[in-house]
Amino acid sequence: MTGSRGLLVASLTALIAVAAVLVILTVQARLVRSHRDRALAAVQGRYRHLLLEVASGEDEDRRAWTELADLTEANWRRVQPAVVALLAKVRGRPAQELGALLDVHGELVRARARLTSGLAARRARAAYVLGLARDRDCLPTLTTLLGDASGDVRFVAARSLGLIGEPAVSPALLTACGQLPGMREGHTGVPAWVAAESLLRMGAGCQDAVAAAMTSKDVHVRAVAAQVALHGSFPAAVGPARVCLLSETEPRTKETLMALLGSLGDAQDVPVLAAYLHPLVPAPLRRAAVAALGLVGTPEAAARVQPLLADEDRSVATAAGDALAVMGTIGRDILTEAMTATGRQRRVAAASLHLARLRMRAGEAA
Amino acid sequence: MNILLEAIDLLRTVVGGLMRFIDTPLLAYFVLINSSYLLLMILALADIAAQRRRAAWTDHEASATSPLVPGVSLVVPAYNEEAGIVASIESLLSLRHPRHEVIVVDDGSSDGTFDALVERFDLVGVDREVPTDVPVRAAVLGLYVPNDGRTRLVVVRKANSGKTEAVNTGIKAATLPLIAVVDADSVLDPDALTAVTEPFVVDPIRTVATGGVVRPANGCTISSGRVVGVDLPRQWLARIQVVEYLRAFMLGRMGSSKLGGLILISGAFGVFRRDVLVEIGGYDVECIGEDIEVVMRIHKLYRSQRRDYRVTFLADPTCWSEVPVSPRVLARQRRRWHRGIWEALWKYRGMVAQPCYGRLGFLVLPWFWLFELAAPMIELGGLAVVLLALALGIVDPGYAVLFLGVAYGYALVVSMAFIAVEEIVFHRYPGWRNLAICLAASILENFGYRQLTALWRCRGAWDGIRRAQPEWGTMTRTGFAAADQVAEPPLPPLPRTSTMPSAPALPTVSRRDEVA
């Protein structure tokens, strides 16, 4: 027991020491943060009106810009984070002005040099600044960084490419959405969201690459391509979507493709979408097909949806009612007629019409 | 007299033997459990650092309006929440998210919960059937929407049958791809919904569920359903829970998530894919700990089918919820929580050490059995033996103090490490006073609070083992409609088009439990 007592005393002493260190660390963290925040606020406060003038585009005589360009290096270092934060929020001329401010203080030159730094955090920060400054000169390097070993760097490179908005890099960006060489199963190079947002920023110029990516072997690439085609309303993607819908294995990508055909397709898509209305098809896909047919909005689509008002699956019946309600006169006539019937379809139709009337009154629906 | 002396001698022999047998293993157990918490914290830190870095490079304005973000149906089960339901729903409706709807499931309230909603939102009945894709026994009595046609609110009225069935009813009525279950007495940060759904857009194919942080709302200033001032509670019981939530419910879960073994997403703030919840048949109404059970069932389904998936915990999106301030209510809560853990772990005991469940089967579940379920029994048992040995004069007081000092001292160091992380990374509690209170609470926690909660947890496990009738209770709520709240004028009434009769008065068959 004497031995264990000694051990206990030593342990307790060590624990008290660690507890004391933790308290000191906690207090120090708060002191440092308070001091830093105060210092930053003091300097940024002094130049805030100048920054806001530049960022709001009201600095017509460039007086504010010149004053900021003439800052000493010490003051610039404190103002720089505020410039970068503002740059992330503005577009057009104010963004150009703030970018020029970074340039005049040598930030862009430094950032270009740091793109090849050995430290991932440095590469990422550099890519971020260059993206915000819409620096087109660094496009090739940023594209290379899509295959960087660091996930953070790939993330920032993808986002920066989107900010620069050059559609020529879209194939590389789409490839990076998938599993890159050497990666574990299921892991992707760039998060789907970042890639999709960046591709949407590139506009219609990337629609051919998006259409081509819809046939990719990588399920993650196909998912991003389908989302971008849908939300970007890319007509070039409709043809591949028709082909891919039949072979797609991932259920949610299939739903996206249906929504794409619903919003951009036409009467020829009705039979394809109607094939998914079969009772043996999983309910989420049936509902997606019903919603897509509602968006197609042709009389044939309405005729395919009408029988589903009496579907055994209430969620499909409800979706059918709502789809008919958004079809305009054709759909509403069917719903009105269904209200004279008996059973479930009468109830579904009544509820859908009721909700449609409420929405119409609110000016939301057709 | 002789018999008594012989009995004491026998007791001394037994306790002495027990003490010799358990003192090293008991200390080792304390070291292991606290070291595992530290390890989880380190894992959590790695993840938090990555999340923070990326957050700095993310355009949050764009995420709050992006069409790529999937819609979320916020399911709010409500039972006798008249005091705060309107403020709570207004707060949820005004969250920053591109597409969300609020589905309130009035679980047969006997107070004015429903009337308050009708009055504020000018509800009208819609004769719509609720889908049947999730089984619910209780009858749906009516479905109501705001008469203005644009407020994305649905109120489902049903016969009283408990929170779990209310949530399942909400899942059935939901129309958007994601389901967020939020307690009616909770307040979300304005960006919390966007943040907690982020993994669904970052990794849309694999992400099936996410959870956010729950922090005690006691002491905070709440105006118009928003937390506008963060402060610590006035009661020490609630203050200690702040430290406890930090250690166990935030960084602990974050670490488990990093390991790929998050098995508990708080019932107060979790987001699930609707199709996944439908596929597993919704929440289990038979299980007291429905929140842990549902996540376990998802793990079991996906792992056994070898499907690639992710359950993620995020440290930034925050939900503020009232915590109990009376020992009686706290006791009931902890008994219920621990019983829930016992039931879920027992139900899925077959997953332990099974190769197809990977880290979950070999690391996370054994950890839960050993350090979560058994911890209160071992802690109380050990404490009892040490105290008995002390009383019988087997160990000298100095040794006993040292022994307990090391055991609880390590726990204290762990709590302080978590407070340090909170201060360095999140710093949600401003002011030196709050920091001092947090540190003091982490010390005080070891004098009575830990032992009492261990006792309540033991009773919870025992209730679960003997399948006792669950003891429901109520928690007195202050409601979030604070005096400083500026009530918005009611929307102008429009002519009603519904012919649906008002719902009948509902019978109450059980009382609902409290909190988080």
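**A sheet in chain B and its contact with chain A**

Hi everyone, let's start with the sheet: in chain B, ten strands, that is 10 strands, form an open sheet in the order S3-S4-S5-S2-S1-S6-S11-S8-S12-S7, and the pairing is mixed. Please keep in mind that this is a predicted model.

Which strands stand at the edges? They are S3, residues 123-126, and S7, residues 187-188, both of chain B. Each has a single partner strand, so one side of each is left without a neighbour in the sheet.

Now step inside the sheet. Strands pair through backbone hydrogen bonds, either parallel or antiparallel. In chain B, S8 (residues 207-216) and S11 (residues 269-273) take the antiparallel option, with three bridges between them. If you want a spot to click on, B:Thr210 has B:Val271 in S11(B) as its bridge partner.

Something from the other chain comes in here too. Helix H20 of chain A, residues 344-361, packs on this sheet and touches S3 and S4 (140-146) of chain B. The direction of H20 makes about 155° with that of S3(B). Chain B has a helix of its own on the sheet: H9, residues 290-304, lies across S8, S11 and S12 (310-321) of chain B, at about 30° to S11(B).

That brings us to the interface. Chain B gives 68 residues to the contact and chain A gives 62. About 5800 Å² is buried between the two chains, with 64% of that area from carbon and sulfur atoms. Which three residues supply more of chain B's buried area than any other three? Those are B:Trp57, B:Arg128 and B:Glu129, with 15% of what chain B buries against chain A.

Next, the charged pairs. Side chains of opposite charge can pair when their charged atoms come close. Between chain B and chain A the count is nine salt bridges, and over all chains the structure holds 51. One to look at is B:Glu423 with A:Arg33, where the closest N and O atoms are 3.1 Å apart. This pair runs from helix H13 of chain B to helix H1 (residues 2-55) of chain A. Another joins A:Asp152 to B:Arg53, with 2.4 Å between the closest N and O atoms.

There are also 19 residue pairs in polar contact between the chains, both residues at pLDDT 80 or more. Elements giving two or more residues to chain B's side include H1 (2-56), S3, S4 and H14 (432-465) of chain B. The largest share, 15 residues, comes from H13(B). By class, that side has 36 nonpolar, 14 polar and 18 charged residues. Thanks, everyone!

Key: Residues are numbered from 1 along each chain as its sequence is written. Chains are lettered from A and ligands numbered from 1 in the order in which they are written. This is a predicted model: local features need pLDDT of at least 70, side-chain atom pairs count only at pLDDT 80 or more; totals for chains, interfaces and linings use all residues. Side-chain values use heavy atoms; hydrogens and water are left out. Two strands pair if DSSP finds at least two bridges between them. Helices (H or I, at least four residues) and strands (E, at least two) are DSSP runs, numbered from the N terminus. Contact means heavy atoms within 4.5 Å. Axes are lines fitted to C-alpha atoms, for helices over the stretch in contact, and angles run from 0 to 180 degrees between N-to-C directions. Buried area is the accessible area (1.4 Å probe) that two parts lose on being put together, summed over both. A salt bridge is a side-chain nitrogen of Lys or Arg within 4 Å of a carboxyl oxygen of Asp or Glu. A polar contact is a pair of N or O atoms within 3.5 Å; within protein, one must be able to donate a hydrogen and the other to accept it, and residues adjacent in sequence count only if both atoms are side-chain atoms. Ala, Val, Leu, Ile, Met, Phe, Trp, Tyr, Cys and Pro count as nonpolar, Asp, Glu, Lys and Arg as charged, and the others, Gly among them, as polar.
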